[in-house]
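Colleague: Could you walk me through reading a few features of this model?

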Amino acid sequence: MMQTPLLLTQMIERAEKYFPKKEIVSRTESGIQRFTYKQWGERTRRLASALHKLGVREGDKVGTLAWNHHRHLEAYFAIPCSGAVLHTINIRLSPQHISYIINHAGDKVLLIDSDILPLIDKIKDSIQGVEAFIVMTDGEVPKTSLENVYHYEELLSEGDPSFSFRTDLDENAPAGMCYTSATTGNPKGVIYSHRGIVLHAMALGLADTTGVCEKDTALPVVPMFHVNAWGLPFASVWFGTKQVLPGPYFTPGILAKLMQDEKVTITAGVPTIWLGLLNEIEQNEYDLSSLRSILCGGSAAPRGMIKAFEERFGIPFMHAYGMTETSPLAVIAASKSYHADLPADEKLDLKAKQGILVPGLEMKIIGKDGEVAWDGKEMGELALRGPWIASEYYQDERSQDAFRDGWLYTGDVVTIDEEGYIKIVDRTKDLIKSGGEWISSVDLENALMAHEDIFEAAVVAVPHEQWQERPVACVVLKESSRGKVTKEDILDFLKPQFAKWWIPDDVLFMSEIPKTSVGKFLKRTLRDQVQDKIKQV
Ligand code: ADP
């Protein structure tokens, strides 16, 4: 067979050639803007030529600090298709972590949304390697003490709309990079090659995974600054999919209205986003009949939430699993043809699992005594390998912890059933080890979140003299239920569902569960809070 390279350049060229009329809808600070792929392609080439004029060359890192909008999508292609590396930076990280990763990556130029500029202003003394700052805005560049600041639109107006993209790059060359959101220590960088991104996008297009296609209208809620918005922008451009980019500071109401008005068919985000949307559509009426799939990943989707979307609102819900290191799609809860006849409850059980391995990848699950049995019970750590799985962290000694003998050890403890469906039981570090047995905090959380009065819940381990660790539940009640539900009510709700020793020792009511920059429960902080509370008692 021929050895033609798999490059992002092919994706944008295909969109320009075959889908020039298809639309990109972008919500920015001044409202909704619309572009055709033809217009967007020209703007993307203008940006690439402007970056070239600023001295960006093959292999240089260009950082972005931006929400989901058309300019960010332009950067997604202008940078890698001219041989440089798109470094998406998580804007919700702490200023220290942001300056750490800008320096660690060695970013030469930064593209920054105007509302994020003050943050960069503050850390400017610690990021002196950056040579130019380009501000993405519909209006004026806000006042700043930074030097070498450029207005994105002014640069574009002087750019070349027919700038040539590189077709001669090595497919293994870096195209993008993203740092993990770091619950401990400094963030770790992952490099995405052209080849990895292209093959991952191809996997997103498979009918048995997310099936993204030309007929779709895709709305990625998952930020473009975190794991390439799960690769949706790449797949969408390649396949000519209409894109709806929700921009900054959206609310569940804004999302629901965008989905209704633009007839969105597929959307993607973390469970906290979908809990918010569910709350919104329970209270206000929207026509979301165009939605064929809500893709949910990043942390476990509560069964009760899946049930509500599917049964009450008729919106198909798709649970998936991945991580920054896996581009991210690795496992998806696609049912098999013969599952169609299962009773509703069993179908729901299947949907609440993370699912089966995506074609193209390999996995093994290592338990205490080697690979675990496919019995849905034995627990082990999931290890993955494949063409869109990272092989190391970027210039980081911590690589050897996770990458061993050609496999990525995910740090996720899972079970696998007879049909090959994986269930995430916990992160290795969040498992509760009570009297030599393991308790899954995730299972308890899912059960709690199915309680009609509970808005969100997390379960953490507290040290225990006799049992080593014991579970404690942290519960946020729905507003209307506050003060009406007791600890005993909650424990009574759990008792019939679990073995006695799994039942939490205590229930703490809270106003909010602390979350990471991407909306996951921040267990480390929560553990500290719980221990402080317990000490006070
Ligand atoms: P970080 O952990 O730095 O936030 P990622 O976004 O890469 O970075 O998170 C990956 C982790 O998220 C996985 O290792 C896993 O623990 C968790 N995760 C992802 N998807 C799911 C899911 N569907 N169910 C449960 N956990 C998930």
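Modeller: Sure, we'll go through a helix pair, the ligand site and some backbone details. This is a predicted model, where local features need pLDDT of at least 70, side-chain atom pairs count only at pLDDT 80 or more, and totals for chains, interfaces and linings use all residues. Residues are numbered from 1 along each chain as its sequence is written, and side-chain values use heavy atoms, with hydrogens and water left out.

Colleague: At what angle do helix 10 and helix 11 pack?

Modeller: Axes are lines fitted to C-alpha atoms over the stretch in contact, and angles run from 0 to 180 degrees between N-to-C directions. Here helix 10 (residues 271-283) and helix 11 (residues 303-312) sit at about 45°, with axes 10 Å apart. That makes helix 10 oblique to helix 11; oblique is what remains after under 35 degrees (roughly parallel), over 145 (roughly antiparallel) and 65 to 115 (roughly perpendicular).

Colleague: Which residues make the contact?

Modeller: Contact means heavy atoms within 4.5 Å. Helix 10 contributes residues including Trp274, Leu278 and Ile281, and helix 11 residues including Met305 and Phe309.

Colleague: Which polar atoms does the ligand's nitrogen chemistry bring us to?

Modeller: A polar contact is a pair of N or O atoms within 3.5 Å. A ligand nitrogen is 2.6 Å from a polar backbone atom of Ala320, and a ligand nitrogen is 3.1 Å from a side-chain N or O atom of His319.

Colleague: Which peptide bond is cis?

Modeller: The one from Ser327 to Pro328, with omega near 5°. Separately, Trp230 has a positive phi of about 60° although it is not a glycine.

Definitions and conventions:
Helices (H or I, at least four residues) and strands (E, at least two) are DSSP runs, numbered from the N terminus. A polar contact is a pair of N or O atoms within 3.5 Å; within protein, one must be able to donate a hydrogen and the other to accept it, and residues adjacent in sequence count only if both atoms are side-chain atoms.
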